Each structure stands twice: as structure tokens, then as C-alpha cells.
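Thanks for sending this one over for a look. My comments follow as numbered points, so please keep the model open beside them.

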Amino acid sequence: MKSQVWLVCMLSVLCLGSGCGDQFATIDGTIMLGESPISGAGVYLEPDGNSEDKFFGLTLDDGEIQIDTRDGIPPGQYDIVVVTYKMRDGSPLPLGEQGDAAKESGRAIKQVYVFKTELKSGVNKLELDIKQAEKRGRR
């Protein structure tokens, strides 16, 4: 039993040292509008040619992208889709229940922006500006 535990520990160390942990892609980045961070936006990764396999997330107050990647993101071509809302008069969407009610009632306008990118194994540093995205309008 001790030799099995020792073997598993050694294989883990060797795997980490040889880059086995880098077989998946991760994202370290932000989404901005010029100098202003886009906070509270929905973000998802859609693999090129496979709209059913998505990775979901959001942006934090500083625009940092947070994606659920506990199973790892396979490297490849992706659409990074950013979904924001604004009120019909152009003002920001209220927070909390008021914002949810505005979305459900149609008083808020959904905006969809798409960035096409290739994610490689390891950390992918992304600094995305909404001004550079393809705008899809409502979705």
C-alpha cells in the first residue's frame, strides 16, 4: 500500500513538472469599453462549430472575466460572447431585482458582442474592448 501511495505521489510530481497540467486553456483577462470596465456582463465561450458545448461566466466590477472552467477548456477556436443590458433610455441597468424585472418586462435592451479568438493550452491573457467586437444586437 505504501508503495502505491508513493508511486501516485511521484507520478503527480512528474506530471506537474512535465506540463501535464497545461493540456487545457484558461483565461486571464478583462472586458472593457475603452478605459471603463464592463461589469456584471454575462460571458460565455462557444467552441467554433459547436454551439451546444459552452462555458459560462461573467465579468466582475473591474471587468475581470470569470469563467467556470473546473473541467478545463479544450484549446481551439472560440467565440467569446458578451451579453450586456441597458435601459431603453440608454441608462445603466439597475442592480438586483429591479434589473431582473426590467429584463423580464422588456424595458431593458439586450446587447450581444462577439470576439473570435483562439485559446491555446495554458493561460491565455485577453484584454478585450467592446469597441472591437462584432455586435450582434439582440440575441
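1. Let me begin with a question: in what sense do β4 and strand β5 (residues 65-67) pair, and over how many bridges? The two pair in the antiparallel sense, over three bridges. One pair to look at is G57, which stands opposite I67 in β5. Five residues lie between the strands of this hairpin, and G63 takes a positive phi near 85° there. Please keep in mind throughout that this is a predicted model.

2. Now for the overall layout. The protein has two helices and nine strands, and along the sequence they follow the pattern α-β-β-β-β-β-β-α-β-β-β. Among contacts between residues at least 6 apart in sequence, 61% join residues at least 24 apart. Of the 139 residues, 33% are buried. The protein exposes about 9100 Å², with carbon and sulfur atoms supplying 52% of that area.

3. From the hairpin you can walk outwards through a run of antiparallel pairings. β4 is joined to β3 by four bridges, and these two strands run antiparallel; here Y44 has F56 in β4 as its bridge partner. On to the next pairing: six bridges join strand β3 (residues 42-47) to strand β6 (residues 76-87), again antiparallel, and P47 stands opposite Y78 in β6. Finally, β6 is joined by 12 bridges to strand β7 (residues 108-119), which runs antiparallel to β6. For orientation in that last pairing, I80 has F115 in β7 as its bridge partner.

4. There is also an open sheet of three strands, in the order β2-β1-β8, with mixed pairing. Its edge strands are β2 (36-37) and β8 (122-129), each pairing on one side only. Strand β1 (residues 25-33) pairs with β8 in the parallel sense over eight bridges. A handy pair for finding the register is T26 and its bridge partner in β8, V123.

5. T59 deserves a closer look, I think. This residue is found in strand β4 (residues 55-59). Is T59 buried or exposed? T59 counts as buried because its relative accessibility is 3%, and the cut-off for that label is under 20%. A polar atom of the T59 side chain lies 2.7 Å from the backbone oxygen of I38. Leaving out residues up to four places away in sequence, T59 touches I31, I38, S39, G40, A41, V43 and E64.

6. On to the nonpolar interior. The largest nonpolar core has 21 residues, of which I31, L45, I67, I73 and L119 touch the most other members. The elements giving two or more residues to this core are β1, β3, β5, β6, β7 and β8. Apart from this core lies another, of five residues, among them Y44, V81, V83 and V114.

7. Which residues does I73 contact, leaving aside its neighbours within four places in sequence? They are F24, A25, L45, F55, I67, Y78 and L119. Several names here should be familiar by now: I67 is the residue opposite G57 in the hairpin pairing, and Y78 is the one opposite P47. L45 and L119 appear beside I73 in the list of core residues that touch the most other members.

Definitions and conventions: Residues numbered from 1 in each chain as written. Predicted model: local features only at pLDDT ≥ 70, side-chain atom pairs only at ≥ 80, totals over all residues. Heavy atoms only, no water. Buried < 20%, exposed > 50% of the residue type's maximum accessible area, 1.4 Å probe, protein only. Contact = heavy atoms within 4.5 Å. Areas by Shrake-Rupley, 256 points an atom, 1.4 Å probe, with all protein chains shown as cover. Pairing = 2+ DSSP bridges. Polar contact = N/O pair within 3.5 Å; in protein donor to acceptor, adjacent residues only side chain to side chain. Core = buried A, V, L, I, M, F, W, Y, C linked by side-chain atoms within 4.5 Å.
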